[in-house]
Amino acid sequence: SAIHIDNNNNLPLTFNIELPVTEAKEWNDWFMTGPGGIKKELLSLELLGQDMRTSIMEINLGDVEITSYATGYSSKQQTLQRVTIGLRTQRISINTIK
């Protein structure tokens with residue numbers, strides 16, 4: 001989801017990521033064992049280019065809390081397609097890769 005980066009007020013940054021259900025098992029395990037800040041993880045996200053191999057950006061999120069985990073279904077096939085994961089962190093840094 002869109003993320004507004006403004007930490008002047010020292011409030012946590014909250015946002016969602018969405019991924020295919022086939023890549024979400026570890027996220028579900030994390031959510032089942034530590035929602036609401038019980039278990040924090042160091043997290044970085046890597047964005048890939050069109051070739052799905054070349055890294056174009058890395059987003060470092062520091063200590064992250066998982067706040068929600070929701071599944072979504074394909075309206076036509078009624079099959080599980082995607083997972084939306086709610087996250088919260090105190091800091092974020094973005095590195096572009098050339």
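Student: What does the secondary structure of the protein chain come to?

Tutor: The chain has one helix and five strands, where helices (H or I, at least four residues) and strands (E, at least two) are DSSP runs numbered from the N terminus. Along the sequence these elements follow the pattern β-α-β-β-β-β. This is a predicted model, in which local features need pLDDT of at least 70 and side-chain atom pairs count only at pLDDT 80 or more, while totals for chains, interfaces and linings use all residues. Residues are numbered from 1 along each chain as its sequence is written, and side-chain values use heavy atoms, with hydrogens and water left out.

Student: Why does Thr-89 count as buried?

Tutor: Buried means under 20% relative accessible area, exposed means over 50%, and partly exposed lies in between (1.4 Å probe, protein chains only). Thr-89 has 3% relative accessibility, so it counts as buried. The residue belongs to strand E4, residues 80-89.

Student: Which residues is Thr-89 in contact with, leaving aside its neighbours within four places in sequence?

Tutor: Contact means heavy atoms within 4.5 Å. With those neighbours set aside, Thr-89 touches Pro-12, Leu-13, Phe-15, Leu-61, Gly-62, Asp-63 and Val-64.

Student: What does the side chain of Thr-89 reach at 3.2 Å?

Tutor: That partner is the backbone oxygen of Asp-63. The backbone oxygen of Leu-61 also lies 2.4 Å from a polar atom of the Thr-89 side chain. A polar contact is a pair of N or O atoms within 3.5 Å; within protein, one must be able to donate a hydrogen and the other to accept it, and residues adjacent in sequence count only if both atoms are side-chain atoms.

Student: What makes Lys-25 and Asp-29 a salt bridge?

Tutor: The rule asks for a side-chain nitrogen of Lys or Arg within 4 Å of a carboxyl oxygen of Asp or Glu. The closest N and O atoms of Lys-25 and Asp-29 are 2.7 Å apart, so the pair meets the rule. The two residues sit in helix H1 (residues 25-33), four residues apart, about one turn of the helix. Lys-25 counts as exposed because its relative accessibility is 56%, whereas Asp-29, at 35%, counts as partly exposed.

Student: How many salt bridges does the count come to by this rule?

Tutor: The count comes to four salt bridges. One of them joins Glu-65 to Lys-40, with the closest N and O atoms 3.9 Å apart. That pair links distant parts of the chain: Glu-65 is in strand E3 (residues 55-73) and Lys-40 in strand E2 (residues 40-48), 25 residues apart.

Student: How do you know that Glu-65 forms a salt bridge with Arg-88?

Tutor: Their closest N and O atoms are 3.1 Å apart, so the pair satisfies the salt-bridge rule. This pair also links distant parts of the chain, with Glu-65 in strand E3 and Arg-88 in strand E4, 23 residues apart. Through shared partners, salt bridges join Lys-40, Glu-65 and Arg-88 into one network.

Student: Is Glu-65 called buried or exposed, and why?

Tutor: Glu-65 is at 15% relative accessibility, so it counts as buried. Its partners are assigned otherwise: Lys-40, at 47%, counts as partly exposed, and Arg-88, at 25%, counts as partly exposed.

Student: Which residues touch the most other members of the largest nonpolar core?

Tutor: A nonpolar core is a set of buried Ala, Val, Leu, Ile, Met, Phe, Trp, Tyr and Cys residues joined through side-chain atoms within 4.5 Å. The largest one has 15 residues, of which Ile-17, Trp-27, Ile-66, Ile-85 and Leu-87 touch the most other members. The elements that give two or more residues to this core are E1, H1, E3 and E4, and E3 gives the most, with four residues. Over the protein chain, buried residues make up 26% of the 98 residues.

Student: Why does Met-52 count as exposed?

Tutor: Met-52 has 58% relative accessibility, so it counts as exposed. The residue lies in the loop between E2 and E3. Its phi is positive, about 60 degrees, although Met-52 is not a glycine.

Student: What separation do the C-alpha atoms of Asn-16 and Gly-86 have?

Tutor: These C-alpha atoms are separated by 4.5 Å, with the two residues 70 apart along the chain. Asn-16 is in strand E1, residues 13-20, and at 32% relative accessibility counts as partly exposed.
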